[in-house]
Amino acid sequence: MTTANQTILLVGEGPLFEELHYLMTSNQYQVIDLKMAETGTYQVKLALEVMNTDLEKKKDSIVQLDRLLSLEVPIVTTSLAITATEVASWTKHPERICGFGTLVPLVERELIEIAPALQTAEEITPQVTTFFTTLGKETEVVVDEVGLVFPRILSLIINEAVFAVMEKTATAEDIDIAMQKGTNYPQGPLAWADQIGIDEIYAIVNGIHRDLREERYRPAPLLRKLVLAARTGKKCGQGFYLYPQEEGIRV
Amino acid sequence: MNEYRVGVIGAGTMGAGIALVCARQGYSVKLLDANEETLERAKQYFHSTLTKDVTKGKISEEQKAKTIQLINPIARIEELHDRTIIVEAVPERLELKKSLFQQLAKICSEKTLLLSNTSSISITAIAGSLAHPERVLGLHFFNPAPVMPLVEVIRGKQSSEENVQATYQFAKKLAKVPVMATDTPGFIVNRVARPYYNEALRILGDGVAEVEQIDRIMKRAGGFKMGPFELQDMIGIDINFATTQTVFQDFFYEGRFKPSRIQERMVQAGNLGRKTGEGFYDYS
C-alpha cells in the first residue's frame with residue numbers, strides 16, 4: 001500500500017502524539033490536526049486519537065472527530081486508560097472506533113497492539129492493522145481491556161516497584177539494577193517509568209483499577225503524588241531520578 | 001586474598017554455584033552436605049565447569065587446579081568452626097534454617113557472618129531466636145549463581161549496620177553486583193517480577209489474549225528476552241506458583257499478589273514446564 005499523500009488526522013497530547021507524528025511523516029503520510037480537518041479541504045484516511053491522562057479532553061476530541069469525519073473513516077484511539085468500547089459508547093457511529101496501545105519510545109516497539117471495541121465493525125480492524133504495518137510495525141489483535149497486554153503488564157510491574165520504593169524496601173536505583181541484573185529486564189522499571197512518563201503510567205494503572213474495581217490494581221499512592229507534583233519523569237527533568245537540563249534531551 | 005574463609009551449606013545447584021563463585025575469587029570454601037552423592041555431583045560440576053573455562057581459554061589448567069583445590073567438601077558441620085562467613089543454601093524450610101544457624105552459633109565465633117540464600121523466608125524469622133542475631137543477613141544469589149551478576153543483600157530487623165556493610169563488601173569481592181533490600185516478602189526481584197507472571201495469567205484467564213500472543217507481545221512490543229509463559233515453563237510452573245503463594249501469604253493476602261487458578265491447575269496436572277515435557281507449551 002502506498003502511503004504517499006494519504007492524510008491522517010492526529011489528535012491528542014503527550015509523548016505518543018509527537019512520536020506518532022514523526023513516525024507517520026517519515027513514512028510519507030500527510031499528518032493534519034483537528035483545525036485543518038475542519039476546513040474540509042482534506043480527505044482523511046484515518047484518525048488517530050492518543051490522549052490518556054485527561055479523559056474529559058479525550059471525550060471532547062472523540063465526539064468532535066465522530067461529528068466531523070464521514071462514516072467510513074476509522075477512528076483509532078488509545079485504549080490505555082479506558083476501553084475502546086467505552087470510547088465508542090461516546091459516539092454516534094461506534095462501529096468505526098478501534099482501540100490500540102503502545103508506549104514510547106516507538107523505535108523500541110517492534111509490535112503494536114490493536115483492540116477492537118465490542119462495537120467495532122468487522123471491516124475496520126484490517127484497515128487499522130494495515131495502517132500500523134505501513135509504519136513498519138507488526139501487530140497483534142487482542143480483546144478490548146484497559147491497557148491491552150504490554151502496557152498493562154509493564155505498568156503493574158512499575159506500580160509494584162513504586163510500592164517497594166514507598167515502603168523503603170530498596171532505593172529506586174537498586175530496584176532498577178536488581179530487575180536488570182537479576183531477571184534480565186530490558187530496563188529498570190523506575191527508569192522506564194521516567195522515560196514513558198509517570199502520568200501515562202498512572203493513567204493506565206488508574207484506568208485498570210477504575211474499570212476492574214479490584215484492590216489488586218490499586219495505584220501506589222506515591223505514583224499519584226508524583227503526578228500531582230508534576231514530577232512525571234525525564235520530560236520534565238524529575239521523576240524517580242533527576243535529569244539535569246543538559247542531559248534532559250539525552251535518549 | 002585470604003581475608004574470607006567461607007562455608008557453604010547445601011551442595012545442590014545453588015550451594016555448589018555459590019561455592020564456585022567464592023573459589024573463583026580465590027577464597028577457601030568448605031562445602032557441607034550430609035549427602036555423599038550430592039557432594040560428588042557438586043565435584044563433577046566444578047570439574048566440568050572449570051574444564052570448559054580452560055577450553056575457552058578463560059583460565060589456565062593451573063588456575064583450574066587451584067580453584068578446585070580451594071573447595072573442600074565436608075560432611076560434618078563441626079568442620080565449619082574456623083569460617084568467617086557462612087552461606088546456607090538448604091531447602092526453603094524455616095525450621096531447618098533456624099536449627100542450622102543455632103548449631104553454627106555454638107560452633108563458630110560470634111563474629112562469623114551467618115548468611116542465608118533464601119529467596120522467600122524472612123531473615124528476621126531465621127535470626128529471631130539466635131544469641132547474636134545482628135550477624136544474620138540474607139545473601140540471595142540468582143540461578144545460575146556463577147552466571148547471574150546480581151545478589152540481594154537483605155537486612156534483617158536485627159542485622160547490625162557493620163554487618164550489612166561487611167556483607168555488601170563480601171558480595172563485591174565476589175565480583176557480583178549487590179543491591180540492598182529490607183526484609184520484606186520476595187525482597188526485590190521476586191516481588192517486583194510477580195506481575196510479569198501473574199498479570200499475564202490474569203490476562204489469559206480473562207480471555208484478553210492467548211499464551212503465544214502474550215509471549216510474542218512482551219518480546220516484540222516490550223523488548224523482554226522471554227515471554228511470561230516461556231519463562232514459567234523454564235523456571236518450573238510449580239516453583240513459580242510456590243513463590244507467588246509465599247509472597248501472597250507473607251503480604252497477608254494483599255490482592256496484588258493473588259495467585260492464579262490457571263497456574264494451580266497446571267501444577268495439579270503435573271504440567272510443570274520443560275522439566276516434565278509439557279507446560280504452557282509442548283516440549284515432547
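This talk walks through a predicted model with two chains, A and B, from domains to interface, core, one helix and salt bridges.

Let me start with the conventions: residues are numbered from 1 along each chain as its sequence is written, while chains are lettered from A and ligands numbered from 1 in the order in which they are written. Since we have a predicted model, local features need pLDDT of at least 70 and side-chain atom pairs count only at pLDDT 80 or more, although totals for chains, interfaces and linings use all residues, and side-chain values use heavy atoms, with hydrogens and water left out.

I begin with the domains, whose bounds come from an automatic or database domain assignment. In chain A that assignment gives domain 1 as 7–141 and domain 2 as 150–248, and the centres of these two domains, taken over C-alpha atoms, are separated by 26 Å. Their contact, meaning heavy atoms within 4.5 Å, takes 17 residues from domain 1 of chain A and 15 residues from domain 2 of chain A. The buried area, which is the accessible area (1.4 Å probe) that two parts lose on being put together, summed over both, is about 1,300 Å² for this pair of domains, and carbon and sulfur atoms give 58% of it. Thr53(A), Leu80(A) and Leu103(A) supply 36% of what domain 1 of chain A buries against domain 2 of chain A, more than any other three residues. In chain B the assignment gives domain 1 as 5–182 and domain 2 as 193–275, with 30 Å between their centres, again taken over C-alpha atoms.

How much area do chain A and chain B bury between them? The value is about 4,100 Å², with 59% of it on carbon and sulfur atoms, and the contact takes 46 residues from chain A and 44 residues from chain B.

Now to the interior. A nonpolar core here is a set of buried Ala, Val, Leu, Ile, Met, Phe, Trp, Tyr and Cys residues joined through side-chain atoms within 4.5 Å, where buried means under 20% relative accessible area, exposed over 50%, and partly exposed in between (1.4 Å probe, protein chains only). The largest such core has 114 residues, and the members that touch the most others are Met24(A), Leu48(A), Phe132(A), Val149(A), Ile175(A) and Ile214(B). Helix H6 of chain A gives the largest share of this core, 11 residues; helices (H or I, at least four residues) and strands (E, at least two) are DSSP runs, numbered from the N terminus. Apart from this core lies another, of 36 residues, including Val6(B) and Leu39(B). Leaving aside residues up to four places away in sequence, Phe132(A) touches Leu48(A), Val76(A), Phe100(A), Ile112(A), Ile114(A), Lys137(A) and Thr139(A).

Ile175(A) brings us to helix H7 of chain A, where it is one of the buried residues, together with Ala172(A), Asp174(A), Asp176(A), Ala178(A), Met179(A), Gly182(A) and Thr183(A). These buried residues pack against helices H6 (150–166) and H8 (189–196) of chain A, and also against strand E7 (150–155), strand E8 (177–182) and helix H7 (189–192) of chain B. The expected span of a helix is 1.5 Å times one less than its number of residues, so the 12 residues of H7(A), 172–183, should span 16 Å, and the end C-alpha atoms are indeed 16 Å apart. The helix is followed by Asn184(A), whose phi is positive, near 60°.

Finally, the salt bridges, each a side-chain nitrogen of Lys or Arg within 4 Å of a carboxyl oxygen of Asp or Glu. The whole structure holds 29 of them over all chains; the rule finds 11 across the interface of chain A and chain B, and zero across that of domain 1 and domain 2 of chain A. One pair is Asp66(A) with Arg96(A), the closest N and O atoms being 3.2 Å apart, and both residues are buried. Are the partners in the salt bridge of Lys173(B) and Glu3(B), at 3.5 Å between the closest N and O atoms, buried or exposed? Neither word applies, because Lys173(B) counts as partly exposed at 38% relative accessibility, and Glu3(B) likewise counts as partly exposed at 43%. Between the chains, the side chains of Glu160(A) and Arg191(B) meet in a salt bridge at 2.7 Å, N to O.
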